[in-house]
Amino acid sequence: MSERSDAIVLLGATGDLAHRKIYPALAAMVRRGKLDAPVIGVARSGWGLEQFRDRVRDSLVKRTGSADTPAAGKLLAQLRYVDGDYQSAETFARLKEALKDARRPLFYLAIPPSLFGLVVKLLGESGCAGNARVVVEKPFGRDYASAKDLNKTLHQVFGESSIFRIDHFLGKEPVQNLLYFRFANSFLEPIWNRNYIESVQITMAETIGVEGRGKFYEEVGAIRDVVQNHLLEVVASLAMDPPVGYWGEAQRDERIKVLRAISPFSGRSLVRGQYRGYRGETGVAPDSGVETYAAMQLHLNSWRWQGVPFFLRAGKSLPVTATEVMVILKAPPQQVFDEPVPPQSNYFRFRLGPDQVAIAAGARTKSPGERMAGEEVELYVCNSTSEAKEAYERLIGDAMGGDATLFAREDSVEAAWAICDPIINTGGPVYRYESGSWGPREADRMVAAYGGWYNPSQNGSGCGS
Ligand code: NDP
C-alpha cells in the first residue's frame, strides 16, 4: 500500500469546477471519514482564509443543500489558503511554506489547461513536488502532439505513478457497474464477441447548448470535448478482455489494447452537425464551423470484435440528456414463426446516467392469442435512480491513496488522440440541425443497415426510439 497523501492543494480554488464538483466531493469524503488532511486553496483573487471558507460554504449550500452539517464544519476547519498568481515563483515559495508539515501532498490542477505546463514546472523548481502526486484535469492536450508534450513536461517533475489524469467517466458508478456486470457474470462472456453481437451504439446526448461557454467550445468541439476521452473510455469498458484483476495496471493494460485495436479512421464514417442558433451564442464566430454534434463509426481490429461496427454519437441541443449504450445482438439464424423478428430485438442496454442508471436486456415474448406473434419486452437487470458515489469523490480518494486504476495512463491518452486526430482532421461539411432534434439526418444513413439509431428515452426506460 502506498502512503496516503496528507494534504490536498487545490490550484484553481475560485474556479467553477472547484465550486461545482470538488468542494462537495471533499465534504462527502469527510463525511465518510476518508479525509482528515488539510485542504489548501490557491488562487490569485487577493482573498484571505475567511473568503475562501465563504466560497466553500457557498458551494456546499448550493450543491449539497447545507453547509451546517458536521462534515461541512469539519471540512471548513481543515481549509488553508495561499494567495498569488501562478505566473510568479513567490506564490510557490509561500505554498512550500504552507506545506512544511506535509510528506506526500496531492496537487489538484483545476486551472486552465494553458497553465498546466507552467504550474508543473514551478512546482518542480520551488521544491514543492518532491514526494508529491498531481491530478491533471481534462482536456489533456488538444491533439496527439500537445498531449505528448504535456506528458513530457509532467515527467520532468513527476513519475508516472504520481500522475493522475482525470477522465471522470471512469469514476462514474454506472461505468463501474458496466464493468462489474461484464466480469461478474459468466453468461455474458460466451456471447460478447463478433459471433453474437451485430453492432454497438454509444450515444451521449445533452439537451443544453453551450450555455455561455461559447468561447471555450469554439476551441474544442464535440469530438475533442467528449469523444476523445469519455466515449473512448466507454468503448474500452465495453470491448476490453477480462483483466487479470480489477486494480492497477491490469485493467489499464486491457484498456490500451482496445484503443490500439481501433482501425485507422476513414473519413466516410463521420457526420458532423451544428445546432441552429449556435452561431448566435456569445463567443461563437458568426460563420463557425465547429461541430456541436458528431456521429462516427469505428472498427476494432481484434479477434473478438472484427466486423462489429461501433457507432458513437455525441451532441448538444438534443431531445434528452442521457448517455446510453446499446449492444445489439444478431437476429436468430432461422425464421421459425410466420412473423419475422424485427431488428434490434435482442440487446443489452446500459444507461450511464446522468440520473438514471440501468442495465437492461431486450427480448421478444409471445403476445397472448392464437398467433405465434410477439412483442418487445425489456428485462431490467439493474435499475437505480441515483449515482451512489459521485465520480469526483471516488477519484480524489483514489488519487490520495496512490491508486491510478481509474485514471488515464500516459500511453492511453496518447492512443486516444492518435485515434481522434484523423477524425478531427477529416473536416468536411457541418450539417445544421434543429435544437431538440436528434441531429442531422445525414447521420441516419450511417446506421441504416443496422436498424437505425436507438434514441435514449427521457425517463431511462427502454423502447425510446
Ligand atoms: P475557471 O476559469 O472557472 O477557473 C480557473 C481557475 O484558475 C480560477 O480559480 C482562476 O482564478 C484560476 N487562474 C487562472 N489563471 C490564473 C493565474 N494566472 N494565477 C492564479 N490563478 C489563476 O475554470 P474551471 O474551473 O471551469 O476549469 C478548471 C479546469 O477544469 C480546466 O482545466 C477545465 O478544462 C477543467 N474542467 C472543468 C469543468 C467544469 O465543469 N467547469 C468540467 C471538466 C473539466 P481567477 O478566478 O482569479 O481567474
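Reader: How many residues surround the ligand, and which are the closest?
Author: The model is predicted. In this model the ligand is surrounded by 22 residues. The closest are Thr14, Asp16, Arg20, Arg44 and Lys138.

Reader: By class, which residues make up the shell around the ligand?
Author: The shell contains charged, polar and nonpolar residues. Sorted by class, six are charged, six are polar and 10 are nonpolar.

Reader: Which helix gives the largest share of the shell around the ligand?
Author: The largest share amounts to three residues. They come from the element spanning residues 16-31, which is helix 1.

Reader: Which backbone N or O atom lies 2.9 Å from a nitrogen atom of the ligand?
Author: Backbone atoms of several residues can be checked here. Glycine 12 has a backbone N or O atom 3.5 Å from an oxygen atom of the ligand, and a polar backbone atom of leucine 17 is 2.8 Å from a ligand oxygen atom. The pair with a ligand nitrogen atom, at 2.9 Å, involves a backbone N or O atom of tyrosine 86.

Reader: What percentage of the ligand's accessible area does the protein cover?
Author: On its own, the ligand has 890 Å² of accessible area. The share of this area that the protein covers is 78%.

Reader: Why do the buried residues of helix 3 line one face of the helix?
Author: Helix 3 covers residues 70-78, and its buried residues are Ala71, Ala72, Leu75, Leu76 and Gln78. Viewed down the helix axis, the buried residues line one face because they fall within an arc of 160°.

Reader: Which exposed residues does helix 3 carry on the face turned away from its buried side?
Author: The buried side of helix 3 packs against helix 1, strand 2 (39-43), helix 2 (49-64) and strand 3 (79-83). On the face turned away from that side, the exposed residues are Pro70 and Ala77.

Reader: Is alanine 361 buried or exposed?
Author: Alanine 361 belongs to strand 13, residues 357-366. Beyond four places away in sequence, alanine 361 touches Tyr347, Phe348, Val377, Glu378, Leu379 and Val381. Its relative accessibility is 14%, and the cut-off is under 20%, so alanine 361 counts as buried.

Reader: How far apart in space are alanine 361 and tyrosine 380?
Author: In sequence, alanine 361 and tyrosine 380 are 19 residues apart. From C-alpha to C-alpha, the distance in space is 6.5 Å.

Reader: What is the relative accessible area of serine 162?
Author: Serine 162 sits in the loop between helix 6 (144-157) and strand 6 (163-165). Not counting residues up to four places away in sequence, serine 162 touches Arg104, Ala132, Arg133 and Val134. Serine 162 is buried, and its relative accessible area is 10%.

Methods:
Residues numbered from 1 in each chain as written. Predicted model: local features only at pLDDT ≥ 70, side-chain atom pairs only at ≥ 80, totals over all residues. Heavy atoms only, no water. Near = heavy atom within 4 Å. Polar contact = N/O pair within 3.5 Å; in protein donor to acceptor, adjacent residues only side chain to side chain. Areas by Shrake-Rupley, 256 points an atom, 1.4 Å probe, with all protein chains shown as cover. Helix = DSSP H or I, 4+ residues; strand = E, 2+ residues; numbered from the N terminus. Nonpolar A, V, L, I, M, F, W, Y, C, P; charged D, E, K, R; others polar. Buried < 20%, exposed > 50% of the residue type's maximum accessible area, 1.4 Å probe, protein only. Arc of directions from axis to C-beta. Contact = heavy atoms within 4.5 Å.
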